[in-house]
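These are my notebook entries on a single chain. I set out to record the fold, the ring pairs, a proline in a loop and the nonpolar surface.

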Amino acid sequence: MGTRNRRGDRLSLGSVAYDRDTQTLAVVFDPPLPPGTTATLALRPRRNPQLDGTYLFRVVAFPPEPDGGSAHGQFLGFGRFHFDRPEFFRWGDRWW
């Protein structure tokens, strides 16, 4: 719980799933977070993209699903990853 600079207690996760087709990461908190809770989720890429730049992703929160119905998501904003291309790169035993 908390922010990157002001950490609180760790939260327990129920499940984490990635859907490659829709490029969606679903994180379920167990127990669900109470309204008004500030939580920070840290993500890292498995590999860097081929092109440098800033990559944006949407963040949507869903409440627990009510019995017999589906919950509607609340758009929270955009997250982002920023990748810089290094000035020099190594090819074999040579630096370019």
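The entries below run from the whole chain to single residues.

**Entry 1. Overall make-up**

I note at the outset that the model is predicted. I looked up the secondary structure and found six strands and zero helices. Read from the N terminus, the order of elements is β-β-β-β-β-β. I then asked what share of the chain counts as buried. Of its 96 residues, 5% do. The accessible surface amounts to about 9600 Å², and carbon and sulfur atoms hold 51% of that area. I also looked up contacts with a separation of 6 or more, and 32% of them in the chain join residues 24 or more positions apart.

**Entry 2. The β1–β2 hairpin**

I turned to strand β1, residues 13–19, and strand β2, residues 24–29. The two run antiparallel and are joined by six bridges. I asked which residue of β2 is the bridge partner of Y18. The partner is L25. Between the strands of this hairpin I found four residues. I looked up the backbone there, and Q23 takes a positive phi near 50°.

**Entry 3. The nonpolar patch**

I searched the surface for nonpolar side chains and recorded a patch of about 560 Å², made by L13, V16, Y18, L25, L41 and L43. The bridge partners Y18 and L25 are both among its members. I asked which element gives the largest share of the patch. Strand β1 does, with three residues. V16 is a residue of β1, and I checked its accessibility on its own. The value for V16 is 51%, and the cut-off for exposed is over 50%, so V16 counts as exposed.

**Entry 4. Aromatic pairs**

A search of the whole structure gave four aromatic pairs. One of them joins F75 and F78, with the ring centres 5.2 Å apart and 70° between the planes. I entered this pair as edge-to-face because its angle lies over 60 degrees. F75 is partly exposed at 41% relative accessible area, whereas F78 is exposed at 58%.

I next looked up F81 and F83. Their ring centres are 6.1 Å apart and their planes stand at 50°, so this pair is tilted. Is each partner buried or partly exposed? F81 is partly exposed, at 24% relative accessibility. F83 is buried, at 13%; the reason is that buried means under 20%. I also noted that ring pairs link F81 and F83 with Y55 and F57 into a cluster.

**Entry 5. P64 in its loop**

I asked where P64 is found. It is in the loop between β3, residues 53–61, and β4, residues 74–83. P64 is exposed, with a relative accessible area of 56%. I looked up its contacts, leaving aside neighbours within four places in sequence, and found P32 and A71. I also looked up the distance from P64 to L33, which is 31 residues away along the chain. Their C-alpha atoms are separated by 9.5 Å.

**Entry 6. Points to keep**

I keep three points for reference. The hairpin strands β1 and β2 are antiparallel. The patch of about 560 Å² includes L41 and L43. The cluster of rings is made up of Y55, F57, F81 and F83.

Notes:
Residues numbered from 1 in each chain as written. Predicted model: local features only at pLDDT ≥ 70, side-chain atom pairs only at ≥ 80, totals over all residues. Heavy atoms only, no water. Buried < 20%, exposed > 50% of the residue type's maximum accessible area, 1.4 Å probe, protein only. Contact = heavy atoms within 4.5 Å. Areas by Shrake-Rupley, 256 points an atom, 1.4 Å probe, with all protein chains shown as cover. Phe/Tyr/Trp six-rings, centres within 6.5 Å; stacked < 30°, edge-to-face > 60°. Pairing = 2+ DSSP bridges. Patch = residues over 30% accessible without salt bridge, like charges linked within 9 Å, V, L, I, M, F, W, Y side chains within 5 Å. Salt bridge = Lys/Arg side-chain N within 4 Å of Asp/Glu carboxyl O.
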